[in-house]
Amino acid sequence: RYPIASSDYLESIGFQGRIFAHARYGSYLLFRLPHISVRADGRMNVPTEVAEAVQLVHERHFDQADNPSLARAIENIYGEGNPDALVLEAPGFAPDRPGCDEWVRVFRTSVEEVWMRPGVARALGVPVPACPGA
């Protein structure tokens, strides 16, 4: 599976920037959007710790709902390297995460999701819901 719909979406809004992507998605994103920066792609020509982090997300992201410490660890991995967006296999986050001041989901299908930093989304004209209590 490739993130075709997410790539179409990112292309349609003119996204440019850094992406953390699900392990299977990086090469396709680079193929479709060569002007972006993807943290890792299928070649995994990256430092060992990056490869291990990407692999952990790939193998364990479905376990987040039942394991809060894993959910926090995965959320920390998503933020390493300060990406502007995440292209993830759904569900990307545990049900009670993340804080809406950190990431907002801007696109989803039944199998893939795109999350952005709120400021990046606003700069691209993507509607960002207000945080509860803000």
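## A guided tour from strand S3 outwards

Begin by selecting strand S3, which is mostly covered, with five of its five residues buried. The model on display is a predicted one. In a regular strand the side chains alternate between the two faces of the sheet. Colour the two faces of S3 separately: Ala-85, Val-87 and Glu-89 lie on one side, Leu-86 and Leu-88 on the other, and all are buried.

Next, show the whole sheet. The sheet is open and has five strands in the order S2-S1-S3-S5-S4, with mixed pairing. Strand S2 (37-38) and S4 stand at the edges with a single partner strand each, so one side of each has no neighbour in the sheet.

Return to S3 and select its partners in turn. S1 pairs with S3 in the parallel sense over three bridges, and here Ile-19 has Ala-85 of S3 as its bridge partner. S5 pairs with S3 in the antiparallel sense over five bridges; across from Ala-85 stands Met-116 in S5. Moving on to S4, one finds that it pairs with S5 in the antiparallel sense over four bridges. Arg-108 stands opposite Glu-113 in S5.

Now display the side chains of the largest nonpolar core, which has 20 residues. Those with the most contacts inside this core are Leu-10, Phe-15, Ile-19, Leu-29, Val-87, Val-106 and Met-116. Helix H1 (4-13), S1, S3, strand S4 (104-108) and strand S5 (112-116) each supply at least two of the core residues, and the largest share, three residues, comes from H1.

Centre the view on Ile-19. Leaving aside neighbours within four places in sequence, its contacts include Leu-10, Leu-29, Ile-36, Val-38, Pro-83, Ala-85 and Val-87. A second, separate core has 15 residues, among them Val-54, Val-57, Ile-74 and Phe-93.

Ile-74 leads to the last stop, helix H4 (residues 68-79). This helix has twelve residues and reaches 17 Å from its first C-alpha to its last, close to the 16 Å expected. Which residues of H4 are buried? They are Leu-70, Ala-71, Ile-74, Glu-75, Ile-77 and Tyr-78. Look down the axis of H4: its buried residues fall within an arc of 155 degrees, so they line one face of the helix. On the other side of H4, Pro-68 and Asn-76 are exposed. To see what covers the buried residues of H4, add elements including strand S1 (18-21), helix H3 (48-60) and strand S3 (85-89). Finally, select Gly-81, which follows H4 and has a positive phi, near 80 degrees.

Methods
Residues numbered from 1 in each chain as written. Predicted model: local features only at pLDDT ≥ 70, side-chain atom pairs only at ≥ 80, totals over all residues. Heavy atoms only, no water. Expected span 1.5 Å × (residues − 1). Buried < 20%, exposed > 50% of the residue type's maximum accessible area, 1.4 Å probe, protein only. Arc of directions from axis to C-beta. Contact = heavy atoms within 4.5 Å. Core = buried A, V, L, I, M, F, W, Y, C linked by side-chain atoms within 4.5 Å. Pairing = 2+ DSSP bridges.
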